[in-house]
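This report looks at how a ligand is held by a protein chain and at a few residues with notable local geometry.

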Amino acid sequence: MLVGLVGKTNVGKTTFFSAATLVEAERGNRPFVTINPNEGVAYVRVKSVCTEFGVKCNPKYGWCNGINRFVPIKLLDVAGLVPEAHKGRGLGNKFLDDLRRANVSIVVVDASGSTDDEGNPVPPGSHDPIRDVDIVKEEFARWISSIIRRGYGKIRGKILSGSSVEEALSEALSGLEIRREDIAKVLIETGLKDKKFVNWSDDDLLTFSRELRRVSKPFVIAANKADVEGAEENIKRMREVLEEPVIPVSSEAELILRKAAKAGLIRYEPGDEDFEVVDESRLSPAQRKVLEMVREKVLKRYGGTGVQKALETAVFDVLGMKVVFPVENENKLSDKDGNVLPDAVLLERQATVLDLAEKIHSEIAKKALFGIDVRTGRRISLDTVLKHRDVIKIVASR
Ligand SMILES: Nc1nc2c(ncn2[C@@H]2O[C@H](COP(=O)(O)OP(=O)(O)OP(=O)(O)O)[C@@H](O)[C@H]2O)c(=O)[nH]1
Ligand SMILES: [Mg+2]
């Protein structure tokens with residue numbers, strides 16, 4: 001499960017990344033600080049099941065506080081985009097290749113409007129962040145169309161030798177992990193199914209690429225720098241105009257809170273609506289002031305920093321993923337070594353018992369006979385579609 005962070009340069013992508021992963025990476029108020037991608041582990045929360053069953057879990061990865069289980073996902077931070085990146089401006093858009101494996105992208109924008117098209121600092125409110133979203137959408141589409149263009153000869157050849165357009169395009173775009181059903185759907189939606197591929201105009205190709213991006217590489221908008229005055233107004237407008245979920249975010253605030261929590265100064269976990277000071281006497285006046293500002297300008301205003309909310313909206317709302325807990329011993333809810341609820345597996349919306357078995361081990365999948373829904377104790381067949389927070393034992397032949 002890979003979530004990408006994409007956006008104009010100097011909007012706070014790396015700050016979001018560091019806040020979510022606690023991986024240190026260079027940040028700065030100037031364009032193109034990041035050149036090579038940063039990859040790290042972030043977490044999404046699931047209401048824990050251990051409390052419901054009256055046990056205490058031992059997660060192999062991530063952690064659990066009895067209320068929420070924190071499930072790991074991969075997060076990727078890439079270089080920034082500027083308008084016309086596809087023509088080579090800025091750092092170009094070649095690094096979008098790094099994002100090809102991402103199932104969903106969080107588009108980070110400067111909701112305070114304090115960076116211009118090129119990422120240079122300007123007074124807050126002087127730039128329209130909706131334009132930043134449009135730029136990312138356009139550059140993404142141009143990137144897809146450039147891949148199709150590069151494969152033009154091959155696509156044509158395949159069609160000439162009898163393949164359908166859908167098949168030929170699907171092969172050309174295989175590196176992008178775009179599903180064939182999505183290509184088929186977009187061909188119909190754009191009316192291009194009935195037009196010969198060799199007769200597609202540049203505009204047709206762009207229309208197709210824009211729509212394919214929309215369907216296969218969905219976005220969540222992180223309206224960052226929400227702590228800056230004037231951001232609220234922009235966020236309201238973005239919510240009215242954009243079709244994607246818009247989440248008010250202050251990456252800077254999340255980074256401050258997570259670092260303070262790591263240093264033992266406050267009690268705070270990602271996604272919390274507030275923090276608690278551990279020991280007032282250990283805070284310097286400057287630290288107290290910063291924390292108070294975070295509370296006033298971010299937590300009270302938005303009910304959280306938004307970093308966690310953006311990640312969870314991407315994984316659960318937009319992709320519709322679910323988390324399932326596989327166990328080997330259905331009485332102890334443990335693996336064979338006695339670790340309680342050791343794994344929390346992220347699965348696609350339509351995933352079945354067999355898909356879960358495959359995620360665990362291909363050998364188990366080969367020998368799987370049926371599943372047991374541990375909550376009800378009932379047998380379920382291998383093709384049963386699982387539900388979010390199911391606890392499942394897979395019964396396999398020896
Ligand atoms: N006020 C405020 N400033 C922020 C926030 N997030 C990031 N910044 C500032 O924005 C500037 C850019 O942050 P980066 O994280 O380096 O931005 P980036 O998008 O990774 O930029 P490039 O890698 O250069 O494209 C830094 O000065 C950050 O301190 C935020 O939530 N609030
Ligand atoms: Mg960066």
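The text below covers the ligand site, then one helix residue, then two loop residues. The structure is a predicted model.

**Ligand site**

Ligand 1 is surrounded by 23 residues, and the closest of these are Thr9, Thr15, Val33, Asp227 and Glu252. Sorted by class, the shell around ligand 1 is made up of twelve polar, six charged and five nonpolar residues. The space that ligand 1 takes is the second largest pocket. Two elements, α1 (13-21) and α9 (251-262), give two or more residues to the shell. The largest share comes from α1, which gives three residues.

Backbone atoms of the protein also come into polar contact with oxygen atoms of ligand 1. The table lists three such pairs.

| Protein residue | Protein atom | Ligand atom | Distance |
|---|---|---|---|
| Val11 | backbone N or O | oxygen of ligand 1 | 3.1 Å |
| Gly28 | polar backbone atom | oxygen of ligand 1 | 3.1 Å |
| Arg30 | polar backbone atom | oxygen of ligand 1 | 3.5 Å |

On its own, ligand 1 has 660 Å² of accessible area, and the protein covers 89% of that area.

**Thr21 in helix α1**

Helix α1, which gives three residues to the shell around ligand 1, also holds Thr21. A polar side-chain atom of Thr21 is 2.7 Å from the backbone oxygen of Phe17. Is Thr21 buried or exposed? Thr21 counts as buried because its relative accessible area is 12%, and the cut-off for buried is under 20%.

**Two residues with positive phi**

Most residues other than glycine have a negative phi. Two residues of this model have a positive value instead, and each sits in a loop.

Lys225 has a phi near 60 degrees, positive although the residue is not glycine. Lys225 belongs to the loop that joins β6 (219-224) and α8 (231-241).

For Leu341, phi is near 40 degrees, again a positive value in a residue other than glycine. Where is Leu341 placed? Leu341 is in the loop between β10 (322-327) and β11 (345-347). Leu341 has a relative accessibility of 0%, so this loop residue counts as buried.

Terms used:
Residues are numbered from 1 along each chain as its sequence is written. Chains are lettered from A and ligands numbered from 1 in the order in which they are written. This is a predicted model: local features need pLDDT of at least 70, side-chain atom pairs count only at pLDDT 80 or more; totals for chains, interfaces and linings use all residues. Side-chain values use heavy atoms; hydrogens and water are left out. A residue is near a molecule or strand if one of its heavy atoms lies within 4 Å of it. A polar contact is a pair of N or O atoms within 3.5 Å; within protein, one must be able to donate a hydrogen and the other to accept it, and residues adjacent in sequence count only if both atoms are side-chain atoms. Accessible areas come from the Shrake-Rupley method with a 1.4 Å probe; for residues, only the protein chains shown count as cover. On a 1 Å grid over the protein atoms alone, a cavity is a set of points where a 1.4 Å probe fits but cannot get out, and a pocket is an open set with protein on both sides within 12 Å along at least five of seven lines; lining residues have an atom within 4 Å of a point. A molecule sits in a cavity or pocket if more than half of its atoms lie within 2 Å of its grid points. Helices (H or I, at least four residues) and strands (E, at least two) are DSSP runs, numbered from the N terminus. Ala, Val, Leu, Ile, Met, Phe, Trp, Tyr, Cys and Pro count as nonpolar, Asp, Glu, Lys and Arg as charged, and the others, Gly among them, as polar. Buried means under 20% relative accessible area, exposed over 50%, partly exposed in between (1.4 Å probe, protein chains only).
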